[in-house]
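Let's work through a few exercises on charged side chains and how they pair up. Keep the structure open and follow each step as you go.

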Amino acid sequence: MARLKFEMWKDDPKYGGYMSRFTDGTGKWTDSWWSSPPPSIDHVGREYIPNRHANVRTIRHDQYIKKRFKEEMSRLASGEEQQ
C-alpha cells in the first residue's frame with residue numbers, strides 16, 4: 001500500500017496560482033489548481049476537499065490534506081521551491 005502524499009508548487013507564471021497533487025493509499029493521484037489559496041483550509045467543510053481532489057474518501061485523508069496544505073503554503077510563502 002502506498003503512503004499518502006500531498007504536494008504543492010507554483011503554477012506556470014503565465015497563469016499564476018498554485019497546483020496541488022494528492023496521492024492516496026492506493027497510489028491514485030489527482031491534481032487541483034488554486035488561483036489564490038489561503039494560508040490554511042482548516043475552516044472548510046468536509047465536502048470542499050473531495051471537490052478539489054476526487055480521491056479524498058476518508059476523514060483521515062481530509063485531515064492529512066489540511067495539515068499538509070498549511071505546511072506547503074508556509075514553504076511556498078517562504079520562497080522555497082519544490083525539490
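A residue counts as buried when its relative accessible area is under 20%, as exposed when the value is over 50%, and as partly exposed in between. One thing to keep in mind: this is a predicted model.

**Exercise 1.** Work out whether Asp62 is buried or exposed.

*Solution.* Start with the value: Asp62 has a relative accessibility of 4%. The cut-off for buried is under 20%, so Asp62 counts as buried.

**Exercise 2.** Find the salt-bridge partners of Asp62, and say where they sit.

*Solution.* Step one: look for a side-chain nitrogen of Lys or Arg within 4 Å of a carboxyl oxygen. Arg46 fits, with 3.9 Å from N to O. This pair links distant parts of the chain, as Asp62 is in helix α2 and Arg46 is in the loop between β3 and α1, 16 residues apart. Arg46 is partly exposed, at 41%.

Step two: Lys66 fits as well, its closest N and O atoms being 3.5 Å from those of Asp62. These two are 4 residues apart in helix α2, so about one helical turn separates them. Lys66 is buried, and so is Asp62.

**Exercise 3.** Explain what the salt bridge between Asp42 and Lys70 ties together.

*Solution.* First check the distance: 2.8 Å, N to O. Next, place the partners: Asp42 lies in the loop between β3 (29-34) and α1 (48-52), and Lys70 in helix α2 (residues 59-77), so the pair ties together parts that are 28 residues apart in sequence. Finally, check accessibility: Asp42 is partly exposed at 40%, and Lys70 is partly exposed at 35%.

How values were computed. Residues are numbered from 1 along each chain as its sequence is written. This is a predicted model: local features need pLDDT of at least 70, side-chain atom pairs count only at pLDDT 80 or more; totals for chains, interfaces and linings use all residues. Side-chain values use heavy atoms; hydrogens and water are left out. Buried means under 20% relative accessible area, exposed over 50%, partly exposed in between (1.4 Å probe, protein chains only).
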